[in-house]
Structure formats: C-alpha cells, structure tokens
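Q: I would like to look closely at one part of a protein and then see how that part sits in the whole. Please take me through it slowly, explaining each term when it comes up.

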Amino acid sequence: LNNSYWHYEQALTQHELNYLQAVAHSELQTSIPGIHLGETENKRESEIAWCTDPRTLQIATSLIYEANRNAGWWFDLNIPESAQITQYFPGGHYDTHSDGKTDHISKRRLTTEKLSPMPLDMTDQPEMVGLVRKLSLSINLTPQHEYEGGELQLEIGDETHSITGNAGSATIFPSWTNHRVCPITKGERRSLVMWMNGPPVR
C-alpha cells in the first residue's frame, strides 16, 4: 500500500466534536471493562461503552469512506459496526493487537447463540455473514493538554509510527494492522473507535 494509514489533524467541525464529546459523556455513564478477544491477561485496561446513535455512526462512517478514497485503497465496504467509546485512566492501555483478519477463513459465520463477547468470525446478525473487518477508525475526543501518554502506535513493516493529535483528530487504517495504545501517564483520554466491514480480500 502507498498509504498504510490516513490521518486527519482535524477531522471534525467544532459542532461535530461537541456532539461526539456529549455522546461519549452520556454513554460512559454505563461503561464496562474493555475486553480483549484473546488469551493474554492484562492486555487491555480501559472502560468502554457501545453506541448505536445514528448521527454518531454517520459521522464516523463518512470519515472512513473518505479516507478509503483519499488513501487510494478503494476497499469494498458494506456495513459499519456499533461505535465503541473508550476511556483510559492513568495506567490504562491496550497492548499490541490487530482488529481482525481479512481472509476467507476469517469471514463471519451465523450463530444463534448470544455470545459475549462475540468471536470475530461469528455473528448473530444475518447481514454480517461472510464479512470481515476491513478498516478501523480512531477519533480522539480529549484535548491534548488534558492527558499525557496514550499515543496510538501502528506497526508498519519494521517501523513503529506513533500518532498523537488534539481532540477531533482521526486515524483510519486497515484492520489487520498491528497497533497499540500506550499507557496513560497523567489525566484521562477518551476516544471513539469504529470498524467497517466488507467481503474478504481476494
């Protein structure tokens, strides 16, 4: 890929940022511990809340489609997942992981079981059958002066790209990319994450 990720220093209007910050504040009133879909303990320390607010999904989806064009990826994209609001307190982090695989072995199969968390290769939603995560979006919702640490680091080949930004900045990258959120050393950081699904890569 010519562009391994696409970063917006400012992806949102002030009105959109205010709106997403208000949504995050409301949703996090009923947050739960973040869970990593793997066997490694203590890989993730954060609080999360799921969001299906239509306007929030529209803002996030538009950014993903725009980045898909601007980066020159032109991936086949179909369905977004619910947005995940994440809050990191001091010591909070998410060690190196990827958000999913994009081959045909990894595509979702239908299940009638209500699993929690739902494995990435299974779904109880018929419209998601046969799809995989293709692009990941991370929007920073916290002003940079309110926290320290918390950098988003992407592993691109043999290099680590460390990304920081003010509230309203956003990064979009292929979901198979290994990445991590560095520990927060001071303050609190909130972000909005969403994944866009599509058919497996051929």
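Leaving aside its neighbours within four places in sequence, which residues is E146 in contact with?

A: Before the answer, two notes on what is shown. This is a predicted model, in which local features need pLDDT of at least 70 and side-chain atom pairs count only at pLDDT 80 or more, while totals for chains, interfaces and linings use all residues. Residues are numbered from 1 along each chain as its sequence is written, and side-chain values use heavy atoms, with hydrogens and water left out.

Once the neighbours within four places in sequence are set aside, E146 is in contact with K186, G187 and E188, where contact means heavy atoms within 4.5 Å. E146 lies in the loop between β10 and β11 (147-149); the helix and strand names used here follow DSSP runs, numbered from the N terminus, with helices being H or I runs of at least four residues and strands being E runs of at least two. One of those partners, E188, is 42 residues from E146 in sequence, yet their C-alpha atoms are 7.0 Å apart in space. E146 has 43% relative accessibility and therefore counts as partly exposed, given that buried means under 20% relative accessible area, exposed over 50% and partly exposed in between, with a 1.4 Å probe and protein chains only.

Two of the partners of E146, G187 and E188, lead on to another residue, for Y88 also touches G187 and E188. Y88 lies in strand β6, and with a relative accessible area of 4% it is buried. Not counting residues up to four places away in sequence, the residues that Y88 touches also include E45, S46, H93, Y94, V181, I184, R189 and S191. In contrast to these touching pairs, Y88 and K107 are 19 residues apart in sequence and 30 Å apart in space, C-alpha to C-alpha.

Strand β10, which comes before the loop of E146, holds R133. R133 is buried, its relative accessible area being 10%, and beyond its neighbours within four places in sequence R133 is in contact with several charged residues, among them E81, D99, K101 and R108, and also with W195, M196 and N197. The C-alpha atoms of R133 and H7, 126 residues apart along the chain, are separated by 19 Å.

β10 (132-140) also takes part in the largest nonpolar core, as one of the elements that each supply at least two residues, together with α1 (14-27), β4 (47-51), α2 (54-70), β6 (83-88), β14 (170-174) and β17 (189-198). This core has 32 residues, and those with the most contacts inside it are L12, L137, I139 and L192; a nonpolar core is a set of buried Ala, Val, Leu, Ile, Met, Phe, Trp, Tyr and Cys residues joined through side-chain atoms within 4.5 Å. Helix α2 gives the most to the core, with six residues.

The contacts of L192 with residues more than four places away include L20, T56, A60, I85, L137 and I139. L20 is found in helix α1 and is buried, with a relative accessible area of 1%; besides L192, L20 is in contact with L12, T56, I59, I139 and L141, again leaving aside its neighbours within four places in sequence.

Two loops have backbone details to look for in the model. W74, in the loop between α2 and β5 (79-80), has a positive phi of about 50° although it is not a glycine, and at 60% relative accessibility W74 counts as exposed. P117 lies in the loop between β8 (109-110) and β9 (122-123), and a cis peptide bond, with omega about 0°, joins S116 and P117.

Finally, the whole protein has two helices and 17 strands. Its radius of gyration is 16 Å, close to the 17 Å that the globule rule gives for 202 residues, so the protein is as compact as a globular protein of that length; this radius is taken over C-alpha atoms, and the rule is 2.2 Å times the number of residues to the power 0.38. Buried residues make up 46% of the 202 residues. Among contacts between residues at least 6 apart in sequence, 79% join residues at least 24 apart.
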